[in-house]
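Good morning, and thank you for making time for this item on the agenda. I would ask you to keep the model in view while I speak.

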Amino acid sequence: MNISGKRMYALLEKLNFVRLSTFEGEKKAAEILADEIREIGVEPVFESFKAPRYEIKVAKLEVTEPFYKEYEVTGYGFSGNDAADGIEAEFAYVEALEPIDLADVRGKIILLTAGIRQGDFKKLIEAGVVGVIAPSGNFRDTKETWDLDKRMLRAKHIADGRLPSVCMRMTDAMEMVVAKPEKVKITLSQYEGEADSQNIIAEIPGTEHPDEVIVYTAHYDSVVFSRGMFDNATGTATILELLRYYKANPPKRTVRFIWCGSEERGLLGSKAYLAAHEDEIDKIKLCINIDMTGPIFGRDNAVVTGAESICHIIEFLYKEIGYPMNVIQDIYSSDCIPFADKGIPAVNFMRRAAQGASQIHCRYDVIDILSAESMERTARFVALFSDRVLNAKHFPIEKQMPANIVEKINKYLGKKPQ
Ligand SMILES: [Zn+2]
């Protein structure tokens, strides 16, 4: 089986930069991938879609009374421009959003103990709050070791209105609680709009059942400050290696590879793909999603978003070859969700890092904790499973979504109970 961890690791080295949705890095990564696909001898297809994009122009937090101090803050993307000229108000520290906490916050700027969650703005606006400060990170962080979060609100957060919001370091937030400022001022102005992101697609038609399609997905974007080596340059490299393998060994059923953009903005690439290909959904029999492999220290997992019988197939295979892993039936927060939501069974292959052996969504998602050997092992298992499914006489995967999984998907996607 010509599957090479070294080749995959070399791609990680090429993608070793921040690949934020709609920004230069994501675009550059898409072009690198397209070149790799062409080199394999397949013509990539680009499909672009719109994704939200914001740019903070000014984000400022000042204590104005009874002393003056300015704190380092970042603005929440899509929290609006109501404070563009500055809002000065009384300060209150609020431990939770229970009615008792919000009894006396009218007209005030409040400091929360956690980030802004879905439904928070509704409560805060009803209580008369005029601005929000949220803490970020850990009290042990220093400027040298940790980046102050840059957070973006999604549609679900601002569905019921929004307030000018900024984010500050935990140590600074604690200092404010102790100092008890009387008045503070938030100044926040930003550009809010959208820009292009893209999926890259490559396909090898099946030799016997070209109308039966197995889709491979992996997101290639990362978040701000993160080079996204573990999450998810590894999955990106894994499905590229599988494309190479199936180009050399054409399967009976069609394989379609989708490198998804903007996963980190809310699965936007996979959602855009399904929206643009409504008419092909029937043909897609299975989604195999790879999101995070390669840690030196960890354990392989298969998360099956589909019938229990799929778990049994995987269990049989890993026992047959003596490859230790865990198999569970559950949902997995990645590009497989929009497929599963359309009734397409999904299998997520990933290697969970041991506690302390990795960190994602920050500057520490680095190549150092990953190994070519580990990536290769996982990729070989995915290929083994794929070979059996793609070349089976009778397609072995049930196209059926158990009720417990449907319920989890609906909850994850924030759908109202029927
Ligand atoms: Zn990921």
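Leaving aside residues up to four places away in sequence, methionine 1 touches Tyr245, Arg380, Ala383, Leu384 and Asp387, where contact means heavy atoms within 4.5 Å. Please bear in mind that this is a predicted model, in which local features need pLDDT of at least 70 and side-chain atom pairs count only at pLDDT 80 or more, while totals for chains, interfaces and linings use all residues. Residues are numbered from 1 along each chain as its sequence is written, and side-chain values use heavy atoms, with hydrogens and water left out.

Methionine 1 is located in the segment before helix 1, which covers 5–14. Helices and strands here are DSSP runs, numbered from the N terminus: H or I with at least four residues for a helix, E with at least two for a strand. Methionine 1 counts as partly exposed because its relative accessibility is 45%; buried means under 20% relative accessible area, exposed over 50%, and partly exposed in between, with a 1.4 Å probe and protein chains only. Its C-alpha atom is separated by 14 Å from that of isoleucine 321, although the two are 320 residues apart along the chain.

I turn to the metal site. Which atoms are the protein donors of the zinc ion? They are His219 (NE2), Asp231 (OD), Asp291 (OD) and Asp291 (OD), lying 2.0 to 2.5 Å from the ion. Donors are N, O and S atoms within 2.8 Å of the metal, or 3.2 Å for Na, K and Ca; water is not among the atoms, so sites may look incomplete. The angles among the 4 donor atoms run from 53 to 144°, and the site is irregular. For that label, four donors count as tetrahedral if all angles lie between 85 and 135 degrees; four count as square planar and six as octahedral if opposite donors are over 155 degrees apart and all others between 65 and 115; anything else is irregular.

Along the sequence, the donor residues follow the spacing H-x11-D-x59-D. Histidine 219 belongs to strand 9 and aspartate 291 to the loop between strand 11 (284–290) and strand 12 (298–305), so this pair ties together parts that are 72 residues apart in sequence. Histidine 219 counts as buried because its relative accessibility is 0%, and aspartate 291 counts as buried at 3%. One backbone detail belongs here: the peptide bond from aspartate 231 to asparagine 232 is cis, with omega near 10°. Asparagine 232 is placed in helix 5.

Next, the aromatic residues. How many aromatic pairs does the structure hold? There are 9 aromatic pairs; rings of Phe, Tyr and Trp (its six-membered ring) pair if their centres lie within 6.5 Å, and planes under 30 degrees apart count as stacked, over 60 as edge-to-face and the rest as tilted. Tyrosine 216 and phenylalanine 257 form a stacked pair, 4.8 Å centre to centre with 20° between the planes. Tyrosine 216 is in strand 9 (residues 209–219) and phenylalanine 257 in strand 10 (residues 253–260), so the pair ties together parts that are 41 residues apart in sequence. Both of these residues are buried.

Phenylalanine 349 and phenylalanine 385 form an edge-to-face pair, because their ring centres are 5.6 Å apart and their planes stand at 65°. This pair links distant parts of the chain, with phenylalanine 349 in strand 14 (residues 346–353) and phenylalanine 385 in helix 9 (residues 372–390), 36 residues apart. Phenylalanine 349 is buried at 2% relative accessibility, and phenylalanine 385 is buried at 0%. Ring pairs also join Tyr323, Phe349, Phe381 and Phe385 into a cluster.

Finally, the domains. The protein is divided into domain 1 (5–52 + 195–412) and domain 2 (67–181), with bounds that come from an automatic or database domain assignment. Their C-alpha centres lie 36 Å apart, and 10 residues of domain 1 are in contact with 10 residues of domain 2.

Valine 224 is in the loop between strand 9 and helix 5 (229–248). This valine 224 is partly exposed, with a relative accessible area of 21%, and touches Val18, Leu20 and Lys150, not counting residues up to four places away in sequence. The C-alpha atoms of valine 224 and aspartate 147 are separated by 9.6 Å, with their positions 77 residues apart along the chain.
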